[in-house]
Amino acid sequence: MRLLDHLAEHPIRIVDLSQPLFNGAPSSPSHPGFRSALTLRHGDAVREDGMTGAHELFTSGGHVGTHVDALCHVAVDGRIFGGRPAEVVDGHYAAGGIDEFPLAVRRAVLVDVPALRGVGRLAPAEPVTADDLDMVGVPIGPGDAVLVRTGWAQLWPDSNAYLGRETGVPGLDPSGAAWLADRQVAIVGADTLAVEKISVAVGHSRLPVHRILLAEHGINLIEVMNLEPVRGQTEFAFVCAPLNILGATGAPVRPLALLDLTSKGGQQ
């Protein structure tokens, strides 16, 4: 009841920070894309009372659309975070799967890099550095979710532009990843496919930010977020609960921002 009383005095606006899934949604060519097809349409089978039902079959890779990277997504020399072996049992990873993701309502800090730099959107392959994170106006510390806005969500759903095949994609560089790891944040999210900077020359063949955050410090990543609806916010309550798939390397998620309508920032 105390929570209900608090919500009565402090009404909230819930903001969806995910991108919609649909046939042909942008996805990495190395992952199976999202596909959906109706398996029963209204009218295919009609009950005696005239009521009908419909349903579909959908398939997707675990790293398609807005999703969370599990710790077992990355291994170094055959071991995931904590020195645990990357061992497969019954078709899934025995440790570090998305089912281990620590569910919680967390404090989130939005790092709006274009706003810090006075631009509308970062340039392709532009790095987000420790210096950028130093400019954030609120402290960042243990347990926080840090969400990095590059403005790249503005390109969704143009697959060629969003994936940056010909230009690259902006994102965290190793200095920014180390800065966040030093502050023991719990989650790092971004509005791009890989969170980190992707250049055309290197592509996804090297992912140093994944190594620093996932493999070395056990910090989960959220990729393909839509952070445009929370522009102008600095910090807010954040809910993140990926699908509970045993031993999966990643899973879709619908992250939510909870904005206090009684504050100036919640009145957008």
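**Reading cores, charges and cysteines in a predicted model**

Guide: Let's start inside: the largest nonpolar core has 30 residues, and those with the most contacts inside it are Ile140, Val146, Leu172, Leu180, Val185, Val188 and Leu213. Keep in mind that this is a predicted model, where local features need pLDDT of at least 70, side-chain atom pairs count only at pLDDT 80 or more, and totals for chains, interfaces and linings use all residues. Residues are numbered from 1 along each chain as its sequence is written, and side-chain values use heavy atoms, with hydrogens and water left out.

Visitor: What is a nonpolar core here?

Guide: A nonpolar core is a set of buried Ala, Val, Leu, Ile, Met, Phe, Trp, Tyr and Cys residues joined through side-chain atoms within 4.5 Å. Buried means under 20% relative accessible area, exposed means over 50%, and partly exposed is in between, with a 1.4 Å probe and protein chains only.

Visitor: Which elements give two or more residues to the largest core?

Guide: First the naming: helices (H or I, at least four residues) and strands (E, at least two) are DSSP runs, numbered from the N terminus. In the largest nonpolar core, with its 30 residues, the elements giving two or more are β7, α3, β9, α5, β11 (187-190) and α6 (208-216). Helix α6 gives the most, with five residues. There is also a second, separate core of 27 residues, which includes Val15, Cys72, Met225 and Phe236.

Visitor: Which residues is Ile140 in contact with?

Guide: Contact means heavy atoms within 4.5 Å. Setting aside neighbours within four places in sequence, Ile140 is in contact with Arg107, Val109, Val146, Trp179, Arg183 and Val185.

Visitor: Arg107 is charged, which brings me to salt bridges. How many are there?

Guide: The general idea is that side chains of opposite charge can pair when their charged atoms come close. The rule asks for a side-chain nitrogen of Lys or Arg within 4 Å of a carboxyl oxygen of Asp or Glu. By that rule the count is 11 salt bridges. One of them joins Arg107 to Asp144, with the closest N and O atoms 2.6 Å apart. Arg107 lies in strand β7 (residues 104-112) and Asp144 in the loop between α3 (130-134) and β9 (145-149), so this pair ties together parts that are 37 residues apart in sequence.

Visitor: Is Asp144 buried or exposed?

Guide: Asp144 is buried, at a relative accessible area of 7%, while Arg107 is partly exposed at 27%. In another pair, Glu126 and Arg117 meet with N to O at 2.2 Å. Glu126 is partly exposed at 23% relative accessibility, and Arg117 is partly exposed at 29%.

Visitor: Which residues are linked in a network of salt bridges?

Guide: That would be Asp112, Arg149, Glu228 and Arg231. Within the network, Glu228 pairs with Arg149, the closest N and O atoms being 2.8 Å apart. That pair links distant parts of the chain: Glu228 is in the loop between β12 (220-223) and β13 (235-240), Arg149 is in strand β9, and they are 79 residues apart. Glu228 and Arg149 are both buried.

Visitor: Next to Arg149 I'd like to look at Thr150. Where is Thr150?

Guide: Thr150 is in the loop between β9 and α4 (159-163), and Thr150 is buried, with a relative accessible area of 1%. Apart from residues up to four places away in sequence, Thr150 touches Pro114, Arg121, Leu122, Pro170, Asp191 and Thr192.

Visitor: With which side chain does the side chain of Thr150 make a polar contact?

Guide: A polar contact is a pair of N or O atoms within 3.5 Å; within protein, one must be able to donate a hydrogen and the other to accept it, and residues adjacent in sequence count only if both atoms are side-chain atoms. For Thr150 the partner is the side chain of Asp191, at 2.7 Å.

Visitor: Back to Cys72 in the second core. How many disulfides are there?

Guide: A disulfide is a covalent bond between the sulfur atoms of two cysteines. The cut-off used is a pair of cysteine sulfur atoms within 2.5 Å, and the count is zero. For Cys72, the nearest cysteine sulfur is that of Cys240, 16 Å away. Cys72 is buried at 6% relative accessibility, and Cys240 is buried at 3%.
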